[in-house]
Amino acid sequence: IRTVGPIAQKTLENAYPNRRVPILYAPVNVQKYKYTKRGTFYLNAARHASDKNVDKVIRAFQQMPDTQLIQTGAGPDSEQMRALAKGYPNIQLLGFVDDATLARLNGECIATISASEGEDYSMNLIEAVASGKPTISVNLDRSVRKQVLTETGVLMPDASSASIMQAVHTLDVKRAEKMRKACEKHSNLFSKEQYVAGILEALHL
């Protein structure tokens, strides 16, 4: 048995208490993503649905008028998101964008923000680190009640607007730039080569 992340790993190991379940991340074409330049904005790429907490991201940037947010995505809550962003020139909602545009935005941003809670495997975060950009996301370890600074970004204790604001202030452009090499190295965990090696190991080949 293999699993895609720590949440599923914990569930499976609870179901099979005498068995260790290793993590094997689904493969991503990390070569597709490249660092382009020093960032001038934060990126949130998420579907406009309640579990993605896009509204909390927008509310955080409402209180940071000198900090730019570009948000991509669409969904059932799009009308609400547009209403929240209206009147805030530092917040741009681009709607759905194609893969090439998203790859370009990843390479140009300061960092990528994901406010989803309990998401075991986030493609957006992997695409960000493959682009040499750090990430801001919710800590999967819910027992940690404070912000954690890592080599590749910031882990928030929750998805509140206050936590998002704190994380953005912590992960400014200077600190983000220093994380580039660590991010690019970390992205190799999600490469196709790493996935194939994991499959061969599982099959004892």
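Student: What covers the buried residues of α5?
Tutor: In this predicted model, the cover over the buried residues of α5 includes α4, β4, β5 and α8, the last of these spanning residues 180-186.

Student: And which residues of α5 are the buried ones?
Tutor: They are Leu-125, Ile-126, Glu-127, Ala-128, Val-129 and Ala-130. Because six of the eight residues of α5 are buried, the helix is largely enclosed by the rest of the structure.

Student: What does the backbone do just after α5?
Tutor: Just after that helix comes Gly-132, which takes a positive phi of about 75°.

Student: You listed α4 as part of the cover, so which residues of α4 are buried, and what do they pack against?
Tutor: Helix α4 runs over residues 99-108, and its buried residues are Leu-102, Ala-103, Leu-105, Asn-106, Gly-107 and Glu-108. These buried residues pack against the strands β1, β2 (69-72), β3 (91-95) and β4, and also against α5 (123-130).

Student: On to β5, then. Are its two faces covered or open?
Tutor: Both faces of β5, which covers residues 135-138, are covered. Thr-135 and Ser-137 lie on one side, Ile-136 and Val-138 lie on the other, and all four are buried. As background, side chains in a regular strand alternate between the two faces of the sheet.

Student: Which strands does β5 pair with, and in what sense?
Tutor: β5 pairs in the parallel sense with β4 (residues 111-113) over two bridges, and it also pairs in the parallel sense with β7 (residues 153-156), there over four bridges. To give particular positions, Thr-135 of β5 is the bridge partner of Thr-112, while Ile-136 stands opposite Val-154 in β7.

Student: Staying with β4, how accessible is Ile-113?
Tutor: Ile-113, which has its place in strand β4, counts as buried because its relative accessibility is 1%, where the cut-off for buried is under 20%.

Student: What does Ile-113 touch, leaving out residues up to four places away in sequence?
Tutor: With those residues left out, Ile-113 touches Tyr-42, Leu-43, Asn-44, Ala-45, Val-57, Phe-61, Ile-136 and Val-168. For Val-168, the separation from Ile-113 is 55 residues in sequence, whereas the C-alpha to C-alpha distance is 8.9 Å.

Student: New topic: what about the phi of Asn-53?
Tutor: Asn-53 has a positive phi of about 60°, although it is not a glycine. Its place is in the loop between β1 (42-45) and α2 (54-62), and Asn-53 is buried, with a relative accessible area of 8%.

Student: Zooming out, how many helices and strands are there in the protein?
Tutor: The protein has nine helices and seven strands.

Student: And what is its radius of gyration against that of a compact globule?
Tutor: The protein has a radius of gyration of 17 Å, which agrees with the value near 17 Å that a compact globule of 205 residues would have. Taken along the principal axes, the box that its C-alpha atoms fill is roughly 60 × 35 × 30 Å.

Student: What share of the residues is buried, and how much area does the protein expose?
Tutor: Buried residues make up 46% of the 205 residues, and the protein exposes about 10900 Å², of which carbon and sulfur atoms supply 51%.

Student: What share of the contacts joins residues at least 24 apart?
Tutor: Among contacts between residues at least 6 apart in sequence, 64% join residues at least 24 apart.

Student: Last one: how far apart are the mean positions of the charges?
Tutor: The mean positions of the 26 positive and 21 negative charges are 4 Å apart.

Notes: Residues numbered from 1 in each chain as written. Predicted model: local features only at pLDDT ≥ 70, side-chain atom pairs only at ≥ 80, totals over all residues. Heavy atoms only, no water. Rg over C-alpha atoms; globule rule 2.2 N^0.38 Å. Buried < 20%, exposed > 50% of the residue type's maximum accessible area, 1.4 Å probe, protein only. Contact = heavy atoms within 4.5 Å. Areas by Shrake-Rupley, 256 points an atom, 1.4 Å probe, with all protein chains shown as cover. Lys, Arg positive; Asp, Glu negative; His and termini not counted. Charge placed at Lys NZ, Arg CZ, Asp CG, Glu CD. Pairing = 2+ DSSP bridges.
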